[in-house]
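This report describes a protein together with its ligand. It turns to the ligand and its surroundings, then to the domains.

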Amino acid sequence: MKKAVLHVNKHFQVGEVDDRLYGSFIEHLGRAVYEGIYEPTSPFADEHGFREDVIKLIKQLDVPIIRYPGGNFVSGYRWEDSVGPKDARPSKIDLAWSVIESNQFGLNEFIDWTKKADTECMMAVNLGNRGIEAAKNIVEYCNIQGGSYYSDLRRKHGWEEPHHIKTWCLGNEMDGPWQEGHKTAYEYGRLAAEAGRVMKKVDPSIETVACGSSALTMPTFGAWEDTVLMECYDQVDYLSLHQYYGNRDNQTGDFLASTVAMDEFIQKVISICDAVKAKKRSHKTIHLSFDEWNVWYHSNEQDKQIQPWTQHPPQLEDIYNFEDALLVAGMMMTLIKHADRVKVACLAQLVNVIAPIMTSKTGAWKQTIYYPFELISRYGRGTVLWTEVAVPRYESKHGDAPYLDSVMVFNEEHESLTVFALNKDLEEEMHISTDLRQFEGYQITDHTVLYHHDLKAINTEDAPNEVTPRTGGNAKLDAGFLEAVLPKHSFHVVRLAKVN
Ligand code: AHR
């Protein structure tokens, strides 16, 4: 059995977790919108066509912000097509996914839906095949009270009050050659600066997100961030990162070590943001918006068979297994460890498309990755403590990787402490221990374990509980020292609270 010692001190803090770290993403893609969140003919739909069974599962995840409407889709998006009387809305081809978009669910419906789902919209503007004017007009339509053409148009459409959308993405993955209207870093940086400037003139209270790289492995990574920020530093508040991983070679050790690469990605982007800050002699700090992250590879082959120009065919319907859930836990812990700089993060995506929630005509169910997201979103709010882990390491294709990932979150207000721990060892149990004597009066309230003997186990509509967390882990606290034995390849949430 390997041993790990976790060192923390409640005064050594990384920073506060911004709730938006537990955001997600809904794109007009596949069955995310149609048959996912919106299906007027479903027995589960409310009077607006919103699926209530799906909303119930989303609420359990406590997702504070949802990016919309894309994704690659946004680079061909004409927001005007998605508002107004539904019978007058055009069906258009969507070049991003070679499908037809009916526009029967649009901007205003999404805002209504976010209210019902207890979340808020993070809106993306099209800086692919459109530009400053369309970006200006959509902010006017959404955020101005009235008295101007586009704000009055919204009122005419039936939405008297502004939507007050606070966070705006300036395009999507503009470094990607697959993007409609793909640009060089300089071209994009200039456009982001001018669009951002104009949008903030319309509504000075908004925040903007510039596109960083679509992955750490992009050939333009690094130079892209530097050039873009040199052009638009003063007009933006966040820089985006996107990253997906897959276990294509069935090397689970390497797959679970992807968090090493994710951590490296975040650290490098922080360095570039701060280098530009220094070059500009600026006092402003750019924060990070990791607004697409997940496992994505299972559906790659089947998606090659899709007939073009159909409406919302199943696309990117990855069926997640247990090891994917472990990596999702690891990725979330990696985000938490950078809570001082990563302020927004979006699990991509939320329903049917590379998603924790799947739907059919007969119901909605939770994929394996639902559970780590739910547990960490629910219990990972508060102050992140610097958690030093002394543990053996292994060689992976991403470099030297620890067998254990762990981080602790302290919530002073609720007098609670949560220990998240992922044992990546595929063969052996792991003994963990940590000195928590500084948390006087605290007791363990529960120890939840996510484990399955089969790394490839999945949940389906017929067997939705194959992979689920269980309480009753073996953590114990003795004279202020916490100890637990973690089974091989398992994820743990140990919660402590002050007992008065
Ligand atoms: O989330 C799926 C796609 O992945 C998004 O549309 C795009 O931004 C990324 O490449």
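## Polar contacts of the ligand

A polar contact is a pair of N or O atoms within 3.5 Å. The model discussed here is predicted, and several side chains in it can be examined with this cut-off in mind.

In the side chain of N172, an N or O atom lies 3.0 Å from an oxygen atom of the ligand; this pair is a polar contact because its distance falls within 3.5 Å. The side chain of Q349 likewise places an N or O atom 3.0 Å from an oxygen atom of the ligand. For E292, a polar side-chain atom is found 2.7 Å from a ligand oxygen atom. On its own, the ligand has 280 Å² of accessible area, and the protein covers 95% of this area.

## The surroundings of the ligand

Which pocket holds the ligand? The ligand sits in the second largest pocket.

The ligand is surrounded by 13 residues, and the closest are E27, N72, E173, Y244 and E292. E292 therefore appears both among these closest residues and as the source of the polar side-chain atom 2.7 Å from a ligand oxygen, a distance within the 3.5 Å cut-off. Sorted by class, the shell around the ligand consists of six nonpolar, four polar and three charged residues.

## The domains

The protein is divided into two parts. Domain 1 comprises residues 2-10 and 384-498, while domain 2 spans residues 18-379.

The C-alpha centres of domain 1 and domain 2 are 30 Å apart. The contact between them involves 40 residues from domain 1 and 37 residues from domain 2.

Key
Residues numbered from 1 in each chain as written. Predicted model: local features only at pLDDT ≥ 70, side-chain atom pairs only at ≥ 80, totals over all residues. Heavy atoms only, no water. Near = heavy atom within 4 Å. Polar contact = N/O pair within 3.5 Å; in protein donor to acceptor, adjacent residues only side chain to side chain. Areas by Shrake-Rupley, 256 points an atom, 1.4 Å probe, with all protein chains shown as cover. 1 Å grid on protein atoms, 1.4 Å probe; cavity = no way out; pocket = protein on both sides within 12 Å on 5 of 7 lines; lining within 4 Å. Sits in = over half its atoms within 2 Å of the grid points. Nonpolar A, V, L, I, M, F, W, Y, C, P; charged D, E, K, R; others polar. Domains from an automatic or database assignment. Contact = heavy atoms within 4.5 Å.
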